[in-house]
Amino acid sequence: MSLDEAEVAQQLRVFGFAHLPGAAADTVEDLRAAFGRLIDLPAAGTPTERVTRFDALNEMPELGRISGSAWVRAICGAYFERDHQVITGDANALVGDSYWHSDGFYTTPFLRFVLYLDETAHDMGALRFLPGSHRADNGWLGEPTQHVIRHEEDLALAGGDVPAVVVASRPGDVIVFDTNVMHAAWHGDVRRQLAFNCVGEPVTETEQRDTRRYFLNRYVSGSVSIG
């Protein structure tokens, strides 16, 4: 990685996301083999909808080693400024577009680390973000968020035309983001994705409640769509 953990944490605070080129480059082939154990993609044709396994950290020690790596611990320590927990992990075969959304606008910050096992680009399902939209203190909550979600009706824009930062990635790159940030993916075919989610060690009652809700929403119901 060219950025140190303090720089990554500052980008997360300001923009809500950071791109870490090559952070997991030495594990790509192992992760691809592990992904194949969890999700068996058809040799011919493509899935018609997203396929997800929510027990990836238990079933995939290769991903677990990344989630417990020194550089992940350093980024989480710099961002949360305390010890942290890795609370969920998932493996996904993503298909097509992902609508504009955040993962809940929690008071408690959560980080999501994402690794794509296929190249992504502007017209190939790359994650895209609205910088700063994770911060409730700058006016994003409420009307602006609703306008983005209703982009065709309110803004006369297709989802892929909403002004945003598109984060193209190659296998081995890692994208980390505050899960409150507005994000989406457009124009993509099937792409293999691995991810895990972290939170600072819950201290207050609000943090404990948010962590339980986040776990249930992601791990049990799988109700949150991630591009």
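Start with what covers helix α2: select β2 (51-53), α3 (56-59), α4 (61-67), β3 (84-94), β5 (110-116) and β10 (191-200), which are among the elements packed over its buried residues. Keep in mind as you click around that this is a predicted model.

Now pick the helix itself, residues 28-38, and show side chains for V28, L31, A34, F35 and L38, which are buried. Turn the view until you look down the axis of α2: its buried residues fall within an arc of 125°, so they line one face of the helix.

Next stop, β10. Select residues 191-200. Here 10 of the 10 residues are buried, so the strand is largely enclosed by the rest of the structure. Colour R191, Q193, A195, N197 and V199 one way, and R192, L194, F196, C198 and G200 another; the two sets point in opposite directions from β10, and all are buried.

Then bring in the neighbouring strands. β3 pairs with β10 in the antiparallel sense, over 10 bridges; to find one of them, look at D90, whose bridge partner in β10 is A195. β5 also runs antiparallel to β10, joined by seven bridges. For that pairing, try L111, which has C198 as its bridge partner in β10.

Stay on β5 and centre on F113. Which residues touch the most other members of the largest nonpolar core? W71 and F113 do, in a core of 33 residues. Helix α5 (residues 70-80) gives the largest share of this core, six residues. Leaving aside residues up to four places away in sequence, F113 touches W71, V72, I75 and C76, along with V174, I175 and V176, and also L194, A195, F196 and C198. There is a second, separate core to select as well: its 11 residues include V114, L127, V167 and V181. As background, nonpolar side chains in soluble globular proteins tend to be buried together.

Leave β10 by its following loop. T204 sits in the loop between β10 and α8 (205-220), and T204 is partly exposed, with a relative accessible area of 39%. Add T108 and draw a distance: T204 and T108 are 96 residues apart in sequence, yet their C-alpha atoms are 9.8 Å apart in space.

Finally, colour by confidence. The chain averages a pLDDT of 90, and 94% of the residues score at least 70. Over residues 221-227, though, the pLDDT is below 50, and this stretch has 30 contacts in the model beyond near neighbours in sequence. Where pLDDT is low, the predicted coordinates should not be read in detail.

Conventions:
Residues numbered from 1 in each chain as written. Predicted model: local features only at pLDDT ≥ 70, side-chain atom pairs only at ≥ 80, totals over all residues. Heavy atoms only, no water. Buried < 20%, exposed > 50% of the residue type's maximum accessible area, 1.4 Å probe, protein only. Helix = DSSP H or I, 4+ residues; strand = E, 2+ residues; numbered from the N terminus. Arc of directions from axis to C-beta. Contact = heavy atoms within 4.5 Å. Core = buried A, V, L, I, M, F, W, Y, C linked by side-chain atoms within 4.5 Å. pLDDT = per-residue confidence, 0-100. Pairing = 2+ DSSP bridges.
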